[in-house]
Amino acid sequence: MAENHPKLPYTAAFLLTLFSLISSFAAVEPNTFSRHLSPSSLGLKKKEKLSHLHFYFHDIVTGENATAVRVAKAKTTTETSPFGAVVVIDDPLTVTPYIGSKMVGKAQGIYALTSKTEASLLMAYTFAFMEGKYNGSCLSVMGRNPVFSAVREMPVIGGSGAFRFARGYAEVRTHAFDLKTGNAVVEYNVYVFHY
């Protein structure tokens, strides 16, 4: 015969209430993956500035001192159809179009030939500055570069050092291109918001 336990329903109700409260507190527990911050906690009290940087990018693909090296290509990549080629760069940035002029930094990253029908690159690289007030700071750029267009724009997607939280764009013009060697000098006007 079953025994009658009058305290059992109260115990069950108590345990359900206790588990419910514990679950509620667990849901309110701070998220360890992310949290909201005050911008001032990161030193962002200053007013945002807009800066213009002007320099020349030297893409040297031939010779002993090449600064752009092909590291991969598709089976279909040829000299007349370079689609699928991937190039790693460590290109000097100078104040004038002449390679011997003052170097202000380097463009380091990759570009890939991404169009079957035109000379268009996907570029992902960082301007690593090594001169003046931006020494040690970087800007990151990623975007499409249809190299035979007179003027191209690529987004600045971030930065470090003096360019923390940077955003803006790079306006790009080919200054010189050697059809025989493939070497190029490219003028950059970079407009960037930063703190």
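**Exercise 1. The surface**

How much area does the protein chain expose, and what share of it do carbon and sulfur atoms supply?

*Solution.* The model is predicted. Step one: take the exposed area of the protein chain, about 13000 Å². Step two: assign the share. Carbon and sulfur atoms supply 61% of that area.

**Exercise 2. The chain as a whole**

Describe the elements of the protein chain, its burial and its contacts.

*Solution.* Start with the elements. The protein chain has 1 helix and 9 strands. Read from the N terminus, their order is α-β-β-β-β-β-β-β-β-β. Next, burial. Of the 195 residues in the protein chain, 31% are buried. Last, contacts. Take those between residues at least 6 apart in sequence; 47% of them join residues at least 24 apart.

**Exercise 3. Placing Thr77**

Where does Thr77 lie, and is Thr77 buried or exposed?

*Solution.* First, locate the residue. Thr77 sits in a loop, with strand E2 (68–72) before the loop and strand E3 (86–94) after it. Then check the area. The relative accessible area of Thr77 is 8%. The cut-off for buried is under 20%. Therefore Thr77 counts as buried.

**Exercise 4. The surroundings of Thr77**

Which backbone atoms does the side chain of Thr77 reach, and which residues does Thr77 touch?

*Solution.* Begin with nitrogen. The Thr77 side chain comes to 3.0 Å from the backbone nitrogen of Ala74. Turn to oxygen. A polar atom of the Thr77 side chain lies 2.7 Å from the backbone oxygen of Phe83. Finish with the touching residues. Leaving out residues up to four places away in sequence, Thr77 touches Arg70, Pro82, Phe83, Gly84 and Ala85. Phe83 thus appears in both steps: by its backbone oxygen and in the list of touched residues.

Methods. Residues numbered from 1 in each chain as written. Predicted model: local features only at pLDDT ≥ 70, side-chain atom pairs only at ≥ 80, totals over all residues. Heavy atoms only, no water. Helix = DSSP H or I, 4+ residues; strand = E, 2+ residues; numbered from the N terminus. Buried < 20%, exposed > 50% of the residue type's maximum accessible area, 1.4 Å probe, protein only. Polar contact = N/O pair within 3.5 Å; in protein donor to acceptor, adjacent residues only side chain to side chain. Contact = heavy atoms within 4.5 Å. Areas by Shrake-Rupley, 256 points an atom, 1.4 Å probe, with all protein chains shown as cover.
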